[in-house]
Amino acid sequence: MAFSDLDKWISQYPLLEKIIKLEPVTWINPYRKKMGEIRSLPLNKRDMQDAEALWKRFAPYLAKAFPELKSTKGFIESGLEEISAFKKLFNERQKGKIEGWLFLKRDDELPVAGSIKARGGIFEVLHYAEELALENGLLKPGDNYEVFDSEKFRNFFRQYSIGVGSTGNLGLSIGIISAKLGFRVSVYMSSDAKEWKKNLLRSKGANVLEFEGDFGEAITEGRRATFADPKGYFVDDENSKYLYLGYSVAALRLKKQLDEQKIKVDAEHPLFVYSPCGVGGSPGGVAFGLKQVFGDHVHCFFVEPTHSPSVLLGILTGKMEKISVHDLGIDNQTEADGLAVGRPSAFATPISKLLISGIYTIEDDELFRLLYLLGKSQNIFIEPSATAGLMGPQRILQTNYIKENNFDPKNITHIAWATGGVFVPKDEMDRFYRRGEKLCEHKAGVVN
Ligand SMILES: *Cc1c(COP(=O)(O)O)cnc(C)c1O
């Protein structure tokens with residue numbers, strides 16, 4: 001992009017100036033529509049219910065193939081926990097206060113894949129496996145899906161290959177489920193992807209290929225190599241309807257959890273949800289689902305690193321997936337590897353533009369401080385990316401959003417979506433924790 005264009009853009013979208021300087025920003029989305037005003041979306045509630053039905057069909061298989069799913073009968077879901085000790089510690093160190101109730105959605109503990117990618121990634125591979133099995137006469141509607149855990153099925157799937165480009169967690173989810181079903185699976189990663197993630201994938205039987213340079217190149221190469229195989233299927237994080245649907249099902253489950261905990265969601269008791277955002281698929285799918293379930297009473301916010309504000313740039317400028325952070329000279333370098341994505345999803349971003357309430361950006365140091373505070377107060381240890389939502393209540397309180405909507409801050413239920421962590425090796429987590437501790441001591445009380 002020419003610099004004259006950049007000047008024109010900055011005058012049109014003044015926020016770009018701060019974004020380019022890597023300053024944290026909080027952006028309220030002026031394009032958001034009320035649910036009643038939205039004519040049509042590429043998916044609807046029925047699609048979500050069909051997706052939930054697919055999970056149910058596969059539950060007997062999942063319970064058989066993964067011992068960790070036995071106790072839940074093949075159901076992959078995480079808890080919803082109130083984190084009042086964190087809220088207290090955070091408020092003690094803060095001028096601005098978190099008001100209302102604060103919960104953590106524990107996708108950091110999701111079994112099988114250890115991150116929110118267990119929702120989207122596993123769903124997409126199961127969907128593909130079912131389609132292949134039906135088309136080739138191995139399966140008919142009504143069969144018990146335990147048959148997927150058999151030599152016959154594994155030998156059949158061995159003819160097919162699955163490819164995915166990933167900074168880490170998506171590769172883990174796709175690699176683990178694909179290898180278990182018998183597919184040949186290749187994960188294309190940037191060479192700076194975490195070593196333990198590569199090793200774990202190899203141990204599960206996935207083929208790991210590393211690429212120098214930006215993660216976008218790993219995706220491009222992955223797509224090319226996968227399509228060179230006539231029986232190749234590429235899981236395309238930049239444009240996937242199935243990943244999205246898999247994520248959306250979380251909303252149906254969350255509704256149940258809120259009901260069980262007797263948490264009201266209505267006009268006076270809004271639900272605010274803060275989701276760490278990379279390409280925008282997982283937060284987008286979750287937001288889409290929540291909007292189908294709670295309508296205008298849920299308010300969805302995304303969080304991106306100051307060095308990777310891809311979805312913010314896409315929506316703010318209207319360029320969607322046509323813009324990358326590199327176009328503005330932003331380097332996409334962040335410790336939050338789950339969020340280090342330079343270009344937003346083509347599928348998810350236009351939908352998010354209509355549904356989400358806003359996006360804020362956050363610095364890496366802040367992620368480590370939050371990681372430390374959460375660990376210290378709640379004994380919960382999540383990966384750096386996954387902490388980003390914890391800043392949400394304070395960041396949104398600092399805008400006019402709550403006042404303009406006439407909400408009483410005390411009546412808000414906040415959910416910070418913790419997106420990954422349980423697979424992080426202990427020594428690595430210890431390093432993260434100590435780094436956060438040091439940052440907190442260094443700048444006592446300056447978590448903002
Ligand atoms: C992938 C990921 C996200 C973001 O999901 P996107 O679909 O890339 O937006 C957030 N947190 C963690 C830990 C992740 O792995």
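Student: We're looking at a predicted model here. Is Cys 440 buried or exposed?
Tutor: The cut-off for buried is under 20% relative accessible area. Cys 440 comes in at 3% relative accessibility, so the call is buried.

Student: And Cys 277, what is its relative accessible area?
Tutor: Cys 277 falls in the buried class as well. Its relative accessible area is 0%.

Student: How many disulfides does the structure hold?
Tutor: Take Cys 277 as a test case: its closest cysteine sulfur belongs to Cys 300 and sits 12 Å away. A disulfide needs the two sulfur atoms within 2.5 Å, so that pair is too far apart for a bond. For the structure as a whole, the number of disulfides is 0.

Student: On to the ligand. Which residue offers a backbone N or O atom 2.7 Å from a ligand oxygen, besides Ser 282?
Tutor: The shell around the ligand has 16 residues, and the closest include Lys 117, Asn 169 and Thr 419. Ser 282 puts a backbone N or O atom 2.7 Å from an oxygen atom of the ligand. The other residue with a backbone N or O atom at 2.7 Å from a ligand oxygen is Gly 278.

Student: How far is the polar backbone atom of Gly 281 from the ligand oxygen, and how much of the ligand's area does the protein cover?
Tutor: For Gly 281, the distance between a polar backbone atom and a ligand oxygen is 3.2 Å. On its own the ligand has 380 Å² of accessible area, and the share covered by the protein is 98%.

Student: Which helix gives the most to the shell around the ligand?
Tutor: The ligand takes up the space of the largest cavity. The helix that gives the most to its shell spans residues 281-294 and supplies 3 residues: that's α12.

Student: How many of the residues of helix α13 are buried?
Tutor: Helix α13 runs over residues 310-317 and is mostly covered. Among its buried residues are Val 311, Leu 313 and Ile 315, along with Ser 310 and Thr 317. The count for α13 is 8 of 8.

Student: What phi does Gly 318 take, just after α13?
Tutor: Gly 318 comes right after the end of that helix. Its phi is positive, at about 75°.

Student: Where does Phe 302 lie, and how far in space is it from Gly 137?
Tutor: Phe 302 is part of strand β9, residues 298-305, and is buried at 1% relative accessible area. Along the sequence, Phe 302 and Gly 137 are 165 residues apart. Between their C-alpha atoms, the distance is 43 Å.

Student: How about Ser 377 and Lys 88, what separates their C-alpha atoms?
Tutor: Ser 377 lies in helix α15, residues 364-378, and is partly exposed at 21% relative accessible area. Lys 88 is 289 residues away from Ser 377 along the chain. In space, their C-alpha atoms are separated by 8.5 Å.

Student: Asn 379 has a positive phi without being a glycine; is it buried or exposed?
Tutor: Asn 379 has phi near 60° and sits in the loop between α15 and α16. Its relative accessible area is 60%, and the cut-off for exposed is over 50%, so Asn 379 counts as exposed.

Student: And what is the phi of Asn 406?
Tutor: Asn 406 sits in the loop between α17 and β11, and at 70% relative accessibility it counts as exposed. Although Asn 406 is not a glycine, its phi is positive, at about 55°.

Note on methods
Residues are numbered from 1 along each chain as its sequence is written. This is a predicted model: local features need pLDDT of at least 70, side-chain atom pairs count only at pLDDT 80 or more; totals for chains, interfaces and linings use all residues. Side-chain values use heavy atoms; hydrogens and water are left out. Buried means under 20% relative accessible area, exposed over 50%, partly exposed in between (1.4 Å probe, protein chains only). A residue is near a molecule or strand if one of its heavy atoms lies within 4 Å of it. A polar contact is a pair of N or O atoms within 3.5 Å; within protein, one must be able to donate a hydrogen and the other to accept it, and residues adjacent in sequence count only if both atoms are side-chain atoms. Accessible areas come from the Shrake-Rupley method with a 1.4 Å probe; for residues, only the protein chains shown count as cover. On a 1 Å grid over the protein atoms alone, a cavity is a set of points where a 1.4 Å probe fits but cannot get out, and a pocket is an open set with protein on both sides within 12 Å along at least five of seven lines; lining residues have an atom within 4 Å of a point. A molecule sits in a cavity or pocket if more than half of its atoms lie within 2 Å of its grid points. Helices (H or I, at least four residues) and strands (E, at least two) are DSSP runs, numbered from the N terminus.
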